[in-house]
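The following report describes a predicted model. It takes up the chains as wholes and then turns to a few selected sites.

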Amino acid sequence: MHAAGRAPRPGCRPAIAGALALSWVLALCACDGVRDSPNATGAESRNVLYAAFDDRNPKYLDPTASYAADETPYVYLSYEPPYRFDYLKRPYVLAPRSAVKVVAPRYVGADGDDLPADAAPERIAESIYDIPIRHGILYAPHPAFARDARGNYLYHHLRTEEVAGKHRPRDFAEQGTRELVAADFVYAIRRLATTRIQSQALAVMEDYIIGMKEYAVHIAAIDQQLRAGLRPDADDLPFLDFRRYDDLPGAIALDDHTLRIRIKGKYPQFSYWLQMTFLSPVPWEADAFYAQPGMARNNLTLNFFPVGTGPFQVTDYVENRQITLDRNPNFHGEPYPCEGAPGDRESGLLADCGKTMPFVDRIVARLEKEITPLETKFLQGFYDIDDIWRVDRAVKFAVDAKNSEDVERLYRERGIRLPQTPDVSDWYIGFNWWDPVVGKGDTPEQQVRNRKLRQAISIAINWEEFVQVFENRKAGVAAMGPLPPGIFGYRDGLDGINRTVYDVVDGKPVRKSLEVARALMAEAGYPGGISSRTGRPLVLNYDYQRTLTPELKSEVDWVAKQFAKVGVQLEIRATDYNRFQDKMNNGTEQVFWWGWKADYPDAENFLFLLYGPGSRAATHGNGQNESNYVNPEYDRLYERFRYLEDGPEKQALIDQMVRILHEDAPWSWGFFPLAYNGYHDWVFNGKPAPLVMDKLEYLRLDPQLRATEVARWNRPVWWPLLLLAGAVALAVAPAVIAWRRRERMTAARTLVSGT
Amino acid sequence: MAGYIARRILHALWILVGVNLLTFVLFFAVNSPDNIARLNLGGKRVTQQAIDAWKVQHGYDKPLWYDATAGGTARVTNTILYQRSLRMFSLDFGRADSGRDIGYELGRRVGPSLLLMLPMIAMTTAASIAFALALVFFRATYLDFFGTVLCVVMMSISSLFYIIVAQWLFGKVLHEFPISGYEGGADAFKFVLLPVLVGVVFQLGSEARLFRAMLLEEAGKDYVRTARAKGLAEPAVLFGHVLRNAWLPIMTHVGALLPYAFLGSLVFESFFGIPGLGNYTIQAITAQDFAIVHAMVFVGSALYIAAYLLTDLAYAWVDPRVRLA
């Protein structure tokens with residue numbers, strides 16, 4: 001043991017306490033402006049738009065690979081594909097972006113002769129798209145373009161040590177630019193064949209672009225040569241320069257400003273692909289720059305720092321936290337649209353007609369995983385819109401406002417708008433066609449029984465109830481078939497009613513009674529849910545793609561109750577996404593929950609989900625027909641339908657196909673979600689547009705109004721803290737008094753014992 | 001002393017190998033390289049060809065831990081286990097499955113973690129010791145009883161409850177602190193203040209109880225009675241004798257917390273949106289990014305070993321009776 005140390009001098013204690021209190025006060029005073037703001041001090045008064053994103057950061061900002069909805073907003077803001085969707089018009093229409101206009105293809109027969117626009121699809125050997133590209137479009141500043149006085153690239157021959165310490169393009173001293181040319185689109189199309197990064201468009205493009213399949217094989221061989229002697233997962237790979245490999249006849253530059261794309265046969269939906277990220281121009285300089293040693297290791301890749309001509313450029317990328325996009329100083333500027341959908345003028349959405357976009361200087365997107373803090377921060381004014389890409393997070397805001405007068409008043413007082421629109425997606429419960437019980441069935445008799453079982457279950461699952469019960473997460477309308485509203489081919493009213501599931505009463509659809517469903521069960525061989533063959537209850541497996549949270553469990557329990565209405569016991573098999581995917585790839589699922597968000601607003605993008613040759617299990621995971629549904633008649637109609645332009649003939653075919661689906665019931669049709677977005681009153685031109693991913697370009701802010709409002713809404717309240725401090729002092733006081741009393745008692749006793 | 005340190009480092013290597021092996025087995029018991037590829041490629045239009053190519057690019061195309069088709073040492077070296085693990089020992093963490101350099105991320109994120117965790121650990125330790133000393137001073141009184149009950153109550157409440165209540169009260173209602181978020185520079189202070197205070201309150205109960213037990217054990221010893229008998233004031237007894245002699249167990253406990261100063265807190269960083277290493281780890285677990293999880297477990301175990309070594313060395317400094325050999 002040690003000798004006794006010196007006890008702290010009593011005089012020190014107040015000094016220490018005072019210092020602590022002072023530091024506390026200084027700390028609080030140091031936070032100028034709005035104290036609860038999650039943004040940097042003074043951010044509210046700058047022309048910066050704040051938005052959230054959920055789950056995790058986007059994975060691929062490289063346009064060749066970018067496909068997921070959470071990636072595309074950044075890519076569409078950084079790049080300019082030839083086309084885009086008009087922001088305001090509904091139904092969605094294509095508009096030119098980097099192209100001068102949206103072109104109609106020229107059709108050519110097998111003999112090379114031009115064919116008329118209405119030529120029969122089987123006569124068309126080739127469709128040729130000659131797309132004029134706008135003049136004067138410049139790339140955003142980037143070191144890949146920087147040159148010295150003699151025109152040599154400054155940063156195309158770097159050594160690893162010269163890249164050290166550089167983690168963003170702006171870490172390089174010199175930046176440059178050049179004009180966009182048609183060859184950049186050709187380079188991008190050739191680049192779809194790269195083996196360096198996976199493009200989900202390649203499989204589709206191989207089917208359509210002339211020579212793409214062969215080109216991909218050629219590039220794979222070239223890449224193998226380039227990689228000789230290197231580890232497959234090596235960070236630094238030699239530059240795969242697609243300018244050198246020009247044997248792709250399907251994509252050529254006729255001149256600097258004319259792009260020609262040749263596709264096999266007729267594929268009317270190809271125009272939609274021309275607005276997708278995959279068809280964004282890629283400058284070879286960027287590929288060359290990022291291929292240098294040390295670049296990938298320093299996160300300098302197209303995946304994190306795109307090089308495009310769009311209105312913004314990614315300037316900072318903090319994984320799973322924040323992505324910053326700054327205005328592209330070289331952007332050519334675009335006029336805000338002057339035409340829109342009915343009601344847009346009245347909503348003030350055309351007030352900025354003709355003004356030059358973009359309006360904001362910077363966009364900051366932050367990870368906000370949970371809905372509650374997102375809602376709170378949005379209400380506090382720290383997010384200008386609720387989410388950078390999702391259109392379902394504000395559903396909860398709307399439901400909260402609907403369910404509480406206080407919340408509704410708060411939204412009203414703060415001028416928050418929550419406009420909604422039908423989403424171009426659907427959610428459903430699918431039946432695996434390969435399954436002997438709920439699938440197609442082996443014999444004609446079994447097929448009839450299985451169909452009746454699916455029909456009975458489809459009647460029993462009350463989707464109208466589902467969207468009512470789970471409206472804060474799943475707002476929408478019950479579906480009658482695979483096509484959502486707003487898509488050509490969708491039938492509204494009496495014509496669109498699914499007669500397998502609904503009766504028509506007073507001109508309105510009314511879900512068939514459970515008696516009808518139970519009768520179908522009996523006909524299917526399961527009276528009361530008991531198999532007449534085995535005498536045992538019918539138990540079905542419900543595969544769910546996530547482990548169950550309490551929220552999800554309530555949804556899954558609801559589904560189980562729906563099956564129980566016709567006596568079917570549902571065994572819940574909730575697994576993680578990977579296990580679920582394995583089951584789907586192997587075709588071992590039975591009943592499953594699934595959804596689809598359209599790539600483009602065409603019926604083909606929904607009806608192909610049930611096209612037999614696209615069976616997921618049959619193609620070992622490569623197809624999108626998740627239920628592995630096969631009906632030769634449907635497939636035959638689909639093969640005719642997919643070549644047709646919108647019109648009566650296409651509508652008639654869609655009607656026939658949907659009737660087949662109603663009868664076969666490979667899905668319980670589920671519901672079509674509604675899309676919501678939340679906008680503050682200092683945000684102008686906001687309109688939910690689930691298919692428009694460059695929508696932030698259209699938004700305008702009033703930062704001064706924001707600063708004023710945010711300061712007013714977030715005045716700190718200090719008295720509870722003082723109260724808390726007082727309460728702590730009161731709690732401590734007895735201890736201090738007791739301490740002092742004991743100290744005095746000890747002294748007294750010592751004194752007494754001394755005498 | 002040098003021999004002792006060398007021996008400990010040698011032991012540490014074996015521990016790291018074991019931890020590395022265990023992480024690998026646990027991760028791949030529930031994941032296959034195909035799963036990882038699919039998760040990274042997304043849910044739509046993913047072909048097997050794309051999955052295979054992704055695996056090659058990211059080094060997941062090899063056998064997990066034994067290559068029966070190879071000969072000689074390649075049977076072991078041509079495996080994911082060997083190739084992923086070996087470079088870890090040279091502190092080359094490689095790239096995450098998302099493609100980003102892990103070493104760079106570690107460097108970028110350790111600052112926010114330190115900013116959060118160092119004050120939290122220091123303040124928690126100081127406050128807990130002070131509270132425990134007060135309880136020892138009032139031992140066997142109602143104040144001690146109520147103080148202990150308070151500790152039990154505080155430690156029985158989940159950290160999530162403290163966090164949610166604090167965010168609601170101080171962020172949403174009183175507008176004194178941001179609910180969550182982070183900015184660098186001077187702004188960082190306002191973002192870590194609330195999580196630090198919540199962390200202190202959350203840990204105060206359990207820590208104070210633990211320290212109280214340690215201090216009480218010392219307080220009952222003969223030398224303390226002797227000190228009192230000499231007429232020393234109670235503060236002098238507590239600070240000068242009891243606390244100084246209880247330093248060894250306290251240091252053992254605090255030493256075990258030191259790795260968290262670097263590794264951050266999974267819960268606090270996640271809920272308060274602080275971009276530290278704890279947040280990084282939890283995101284990687286969610287995304288099933290093996291490269292990051294592997295690196296973080298490795299770094300974590302290395303830090304633990306270092307912390308315990310430093311603690312052992314500190315024993316000799318605090319207590320001259322301790323000899324390391």
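Chain B has 14 helices and 0 strands, and its elements accordingly read, from the N terminus on, α-α-α-α-α-α-α-α-α-α-α-α-α-α. Chain A, by contrast, has 21 helices and 24 strands. The overall values computed for each chain of this predicted model are set out below.

| Chain | Residues | Buried | Span along principal axes | Accessible surface | Carbon and sulfur part of the surface |
|---|---|---|---|---|---|
| A | 755 residues | 56% | roughly 125 × 85 × 60 Å | about 31,000 Å² | 55% |
| B | 325 residues | 53% | about 80 × 60 × 35 Å | about 13,900 Å² | 71% |

Among contacts with a separation of 6 or more, residues 24 or more positions apart account for 72% in chain A, and for 68% in chain B.

On the surface of chain B, a nonpolar patch of about 520 Å² is formed by Leu10(B), Leu13(B), Trp14(B), Val17(B) and Phe89(B). One of these residues, Leu10(B), lies in helix H1 of chain B, which covers residues 2-30. Leu10(B) counts as exposed because its relative accessibility is 53%, where the cut-off for that class is over 50%. In soluble globular proteins, nonpolar side chains tend to be buried together.

The interior offers a counterpart to this patch. The largest nonpolar core comprises 144 residues, and the members that touch the most others are Ile131(A), Ile261(A), Phe270(A), Trp273(A) and Leu607(A). For Phe270(A), the contacts beyond its neighbours within four places in sequence are Tyr129(A), Met205(A), Ile209(A), Ile261(A) and Ile263(A). A second core, separate from this one, has 37 residues, among them Ala456(A), Phe470(A), Val556(A) and Trp593(A).

A charged residue in chain A deserves a separate word. Arg190(A) is placed in helix H4 of chain A, which runs over residues 182-191. Although Arg190(A) is buried, it has no salt bridge, and the nearest side chain of opposite charge, that of Asp246(A), is 5.3 Å away; a salt bridge would require a side-chain nitrogen of Lys or Arg within 4 Å of a carboxyl oxygen of Asp or Glu. When neighbours within four places in sequence are left aside, Arg190(A) is in contact with Met212(A), Tyr215(A), Phe242(A), Arg243(A), Tyr245(A), Asp246(A) and Leu248(A). Asp246(A) thus appears both in this list of contacts and as the nearest side chain of opposite charge.

Terms used. Residues are numbered from 1 along each chain as its sequence is written. Chains are lettered from A and ligands numbered from 1 in the order in which they are written. This is a predicted model: local features need pLDDT of at least 70, side-chain atom pairs count only at pLDDT 80 or more; totals for chains, interfaces and linings use all residues. Side-chain values use heavy atoms; hydrogens and water are left out. Patches are made of residues with over 30% relative accessible area and no salt bridge: like charges are joined within 9 Å, nonpolar side chains (Val, Leu, Ile, Met, Phe, Trp, Tyr) within 5 Å. Accessible areas come from the Shrake-Rupley method with a 1.4 Å probe; for residues, only the protein chains shown count as cover. Helices (H or I, at least four residues) and strands (E, at least two) are DSSP runs, numbered from the N terminus. Buried means under 20% relative accessible area, exposed over 50%, partly exposed in between (1.4 Å probe, protein chains only). Lys and Arg count as positive and Asp and Glu as negative; His and the chain ends are not counted. Contact means heavy atoms within 4.5 Å. A nonpolar core is a set of buried Ala, Val, Leu, Ile, Met, Phe, Trp, Tyr and Cys residues joined through side-chain atoms within 4.5 Å.
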